[in-house]
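Colleague: Could you take a close look at one part of this model for me, the charged pairs, and then go on to whatever else bears on charge and cysteines? Informal is fine.

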Amino acid sequence: ASICGSQRNINPDHLWSEADTNDAPESAYSESKVAGEAKVWELAEKYKDKYSVCTVHMTYMFGALLPGYQMNSGAMSGHHFLQDMAKGKVMCNMFCVMDGTDFGAAYVAGLERPEAAGQRYMVCSADQISCLEVAEWAVAAGATGIDLATWAADEAVQKMAPMKPSSDNRKVLALLGRALVPPATSVQRSIKSLMREGLL
């Protein structure tokens, strides 16, 4: 919300990265994210003799739920998304994703690592993922209620062409010193934990 703006209107092949700022927010939510971060950096400069700041930007989150987790947080949007799919909803979105463990690791590194001070990090898969791919991974993990034949027959679904790569995530990879969890693995972890908790 605070990174992706009008850049691809100028260059359709642009890869999102921490260097980007959303210069064309289309919702109050996006506007609040952009303004909120701008204020953080303003205060960071004003009080740089006392504090250091690092921001970690998330995208659509999947991954295993903690046992007993209550599904009431927008941060778990990927899990709500999977629940809708399991109810038979067909969706035509494309987005980059992340695993909750990667976001947590980046968050902790931002707090603990001296080199993270004054930096922005984007935790995000390099490739854009289509809803169809998510549906296929969910079914492979044992999800029911997702009719892939219905998805295959949907004209809008078939027109989806996710951009691969879509983002430059090398900065967070360097911070973590490892690769991110593959999107398919993250979605499958989500499905298994939703089933374990009786939420799917």
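Modeller: Let's start with Arg 189 and Asp 99, whose side chains meet in a salt bridge at 3.4 Å, N to O. Bear in mind that this is a predicted model. The pair links distant parts of the chain: Arg 189 sits in helix α9 (residues 183-196) and Asp 99 in strand β4 (residues 97-99), 90 residues apart. The two ends have their own surroundings: Arg 189 is partly exposed, with a relative accessible area of 34%, while Asp 99 is buried at 1% relative accessibility.

That bridge is one of ten salt bridges in the structure. Another joins Glu 133 to Lys 164, with the closest N and O atoms 3.2 Å apart. This pair also links distant parts of the chain, as Glu 133 belongs to helix α5 (residues 131-140) and Lys 164 to the loop between α7 (155-159) and α8 (170-176), 31 residues apart. Here Glu 133 is the buried partner, with a relative accessible area of 18%, and Lys 164 is partly exposed at 41%. Then there's Arg 113 with Glu 115, a salt bridge of 2.7 Å, N to O. In that one Arg 113 is partly exposed at 31% relative accessibility, and Glu 115 is partly exposed at 45%.

Now for a charged residue without a partner. Glu 18 lies in the loop between α1 (7-10) and α2 (28-46). Glu 18 is buried yet has no salt bridge, and the nearest side chain of opposite charge, Lys 171, is 5.5 Å away. A salt bridge needs the nitrogen and oxygen within 4 Å, so Lys 171 doesn't qualify. Leaving out residues up to four places away in sequence, Glu 18 touches Arg 120, Tyr 121, Met 122, Asp 168, Lys 171 and Val 172.

The cysteines come next. The disulfide count is zero. The sulfur of Cys 96 is 3.7 Å from the closest cysteine sulfur, in Cys 124, which is too far for a bond because the cut-off is 2.5 Å. Looking from the other side, Cys 124 is in no disulfide, and its nearest cysteine sulfur is that of Cys 96. Cys 96 is buried, with a relative accessible area of 7%, and Cys 124 is buried too, at 4%.

Last, the surface: Leu 43, Tyr 47 and Tyr 51 form a nonpolar patch there, with about 310 Å² of accessible area together. Within that patch, Tyr 47 sits in the loop between α2 and β1 (55-57) and counts as partly exposed at 33% relative accessibility.

Conventions
Residues numbered from 1 in each chain as written. Predicted model: local features only at pLDDT ≥ 70, side-chain atom pairs only at ≥ 80, totals over all residues. Heavy atoms only, no water. Helix = DSSP H or I, 4+ residues; strand = E, 2+ residues; numbered from the N terminus. Buried < 20%, exposed > 50% of the residue type's maximum accessible area, 1.4 Å probe, protein only. Lys, Arg positive; Asp, Glu negative; His and termini not counted. Contact = heavy atoms within 4.5 Å. Patch = residues over 30% accessible without salt bridge, like charges linked within 9 Å, V, L, I, M, F, W, Y side chains within 5 Å. Areas by Shrake-Rupley, 256 points an atom, 1.4 Å probe, with all protein chains shown as cover.
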